[in-house]
Structures are given as C-alpha cells and as structure tokens.
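Thanks for coming. I will go through the sheets, then some helices, then one side chain. Please have the viewer open.

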Amino acid sequence: MKVTFISNYINHHQIPFSNACHELWGEDYHFIQTLPMEQERIDMGWSEEGRKLPYVCCLYEEEQRCRELIMESDVLLAGWSDREDLVQERLNADKLTIRISERLYREGQWKVISPRGLVHKYKEHIRYRKSPAYLLCAGAYVPSDFHIIHAYPGKMFKWGYFPETRYYGEEQLKEMKYADGQTHIVWAGRFIPLKHPEYMISLAKNLMEDYRIHIHMVGSGEMEEELKQLAAEQKVMDGITFYGFQTPEKVRSIMEKCHIHIFTSNYLEGWGAVVNEAMNSGCAEVANVQAGAVPYLIQHKKNGMVYPDGSYEKMEQAVRYLLENPAKREEMGRQAYRTITELWNAKHAARELARMIEGLEAGEAEPALEGPLSPAPVITPGRMYDWVMENGRQ
C-alpha cells in the first residue's frame, strides 16, 4: 500500500502522525512538502528539521519525483498545499483521494453566496461528489461548511491535528504539577486579536483578590507590549509570567506543571493544537466552543469546560468553578489526559486511517465508532454550543 500526504510543510503538529504512518507503511509512505516554512513560524520556535525525515520530499527540489508519487500512490492524503493543480490531476484520473481540510467559511457562511467563490468550490470539491474522494474534517465546523455546498455527501469524517503524545503514570501526572498552594493557569499562543490574550489580564485582575493563582503567558506577537502595559496598569504583573516564544518542548514542560489551560481563540481558529497538548499534560481545559478542536475533544464537565460565543464572562465563570472545585478539576485533568492517550493521538488516527483505506479498497469501509474517522455530524455554527451541551464528544 503506497500512501502519500501532500501539504504546505511538515511541522511538529504533523510529524507524529507521519511517523505513525511511516511505521505502518514503511518506505511506501511519503510526505510531500510544497513550500519552505515561513520565517514567522521559525521565529516562533518551529523547527525545519522535519524536512530531513526519510519520508519527506520537497516539491520545490524534486518536482518530477513528487508528481510521480502523487499519481502512482494507492491513496493521496491532500492537505492545503498551494498546488491544487496536482491534486486535481489525480482526482481527474479517478484515483482514491482523501482531503484534509479546515473550514471554508471561517468568517461566516454568508460568503457561500459569492458566485466567484462557488465556481472555485465547484472546481475543487463539488464536481467530485461521485468520485472516490473523501473528506477528513479538521474541526467540528468543517462538515457544515462543506454540506452547504453539497460536497462529499456521506463521505465526511472527524479528523484533527495530532501533536506528540506523551505518556505518564497517574501518580507521575499528579506529581508534575506545582504544589505551592497556588493554582497555576497557562495560556499559550501568538498574542494576536483572534486569540484574545487580553482576557487573561482581565482574569488576573478579577480573580487574584479571591484566589491564589498564577498565570503563565507563553508566546509573543503584536499585542505583547499592550498586554504588559495593561497588566502593569491593573497591578497584576506579580501574578503573571510572560515567557515570550518558546520551543514546543518548553511549552509542553510549562503545561505539565500547570493545573488549568485556557483557550480563548475565536471562530477564526481552525483547530487549536495547544488544546491537544494541554489535555495530554493533564490540564483541566477551559475553551471557547468557537474553535474547531473544542467540540471534538471536550465533553463539558467531564474532561474540561466549554463556554459559548467567545464570552469572557462565561469563561471566567468556568475558571471560578474549577478553582472552587479542586477535586473535580483534578478529575477533569485526568480525563483530558485519557482522551488524548486513548483516542485523539497520532498512532490511533493512523491505525484507523489504515483500516478505513483497506475498507474503501474492498468496498466495505466502516467508520470508527468515535474519535478520528468516525462520522462527522453536520452542526450549524449557531447550534454548536447547544450540541456540545446536549451530546458532548461522540
């Protein structure tokens, strides 16, 4: 079985999955990188070492070899690559192709009315409705976006990103956490408006008088000086540590010590791999339901807390609940860890993908019961919070 994955570049969020695929298919697995990594990502601590992995081929260095892999593989996994022409060449040849996609309409599904946009979507997706083309939905809002353009009917499955999964014993998981009498809260990401890092300054101001907390802000970006100034004005600098950009390994080491992870990104966040990482680190998660990963990964009050519509007030209420119920907070952290180690991890996803591919080739594919490769329900964005409250992760 020859399997090829084409995407813009390989990074620490994709390497564990590709390594798992390489373990399954050996020399028959390849990852095609179509673009060099942007300098911004490198400055954030992302490494380019991935391109040196034995299964990685760079399109801009070996175009002929990459073209042959795309056409000759039994299966093509097609992420965003900026080379749609290569994917369509394979689709036009009626060869099994599995797309991996985030949202089409992050800024609102009203954009579906654009005639120019519909022509584009017809060319890439709609005309292949009856072809051997399937969709892995990297985010809970993806199925609704594709459903409204009538693409991939009955052929959409849950998917996501699968950062490194670490395994700990239950006592080890507990012993890693700070034990200084404070509750440690971590926020990680770029300091940009869509991620709402300013919420953490407000949280510090509103909670520090009532609770012993410390907030760890990991990252940097255009809002950094504004945030530091705001923290100084609110007189909460002593309760916040600003780390700047850190390597993925350092980010994980900070998460491992903290009790709560807060994810405040809005609807423009396609997935949010820091949620995977924090849950794997045994943090109780408080997350905005608008981000793509949240409805797939979190069951409210079981392995984390979900709040609606980017509401600061609801987010603060969730954090207060965890601060006032430490036993429940610890249990949510344990359940979060199990969610990642038992279900939403690279090895499990690769095995389910292999099983699905074998079924497709035999004409009798059965989706997974839950997690990666399970059927992706079509939930309209406005109904997502209610759906999570009613159904949780299924």
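I start with an open sheet of seven strands, ordered 3-2-1-4-5-6-7 and paired in parallel. At its edges stand strand 3, residues 56-58, and strand 7, residues 156-159; each has a single partner strand, so one side of each is left without a neighbour in the sheet. Direction ignored, neighbouring strands of this sheet are turned by 25° against each other on average. One thing to keep in mind throughout: this is a predicted model.

Now to one pair inside that sheet. Strand 1, residues 3-7, and strand 4, residues 75-78, are joined in the parallel sense over four bridges. If you want a residue to click on, take T4: its bridge partner in strand 4 is L76.

Next, what lies across these strands? Two helices to look at here. Helix 4, residues 84-92, lies across strand 1, strand 4, strand 5 (97-101) and strand 6 (133-138). Its direction makes an angle of about 145° with strand 5. Helix 15, residues 346-362, lies across strand 4, strand 5, strand 6 and strand 7. Relative to strand 7, helix 15 runs at about 165°.

Please move on to the sheet of six strands. This one is also described as open, with the order 10-9-8-11-12-13 and parallel pairing. Which strands are at the edges? They are strand 10, at 240-244, and strand 13, at 304-307, and each pairs on one side only. From one strand to the next, the twist averages 20°.

Strand 13 has strand 12, residues 284-288, as a parallel partner, over four bridges. Within that pairing, V286 has M305 in strand 13 as its bridge partner. Strand 12 also appears in a helix packing: helix 11, residues 273-280, lies across strand 8 (183-188), strand 11 (260-263) and strand 12. The angle between helix 11 and strand 11 is about 170°.

Last item, a single residue. T339 is located in helix 14, which covers residues 326-342. Is T339 buried or exposed? Its relative accessibility is 6%, so T339 counts as buried; the cut-off for buried is under 20%. What does its side chain contact? There is a polar contact between the side chains of T339 and N303, at 2.9 Å.

That is the end of the list. I will take questions now.

Terms used
Residues numbered from 1 in each chain as written. Predicted model: local features only at pLDDT ≥ 70, side-chain atom pairs only at ≥ 80, totals over all residues. Heavy atoms only, no water. Pairing = 2+ DSSP bridges. Axes fitted to C-alpha atoms, helices over the stretch in contact; angles between N-to-C directions. Contact = heavy atoms within 4.5 Å. Buried < 20%, exposed > 50% of the residue type's maximum accessible area, 1.4 Å probe, protein only. Polar contact = N/O pair within 3.5 Å; in protein donor to acceptor, adjacent residues only side chain to side chain.
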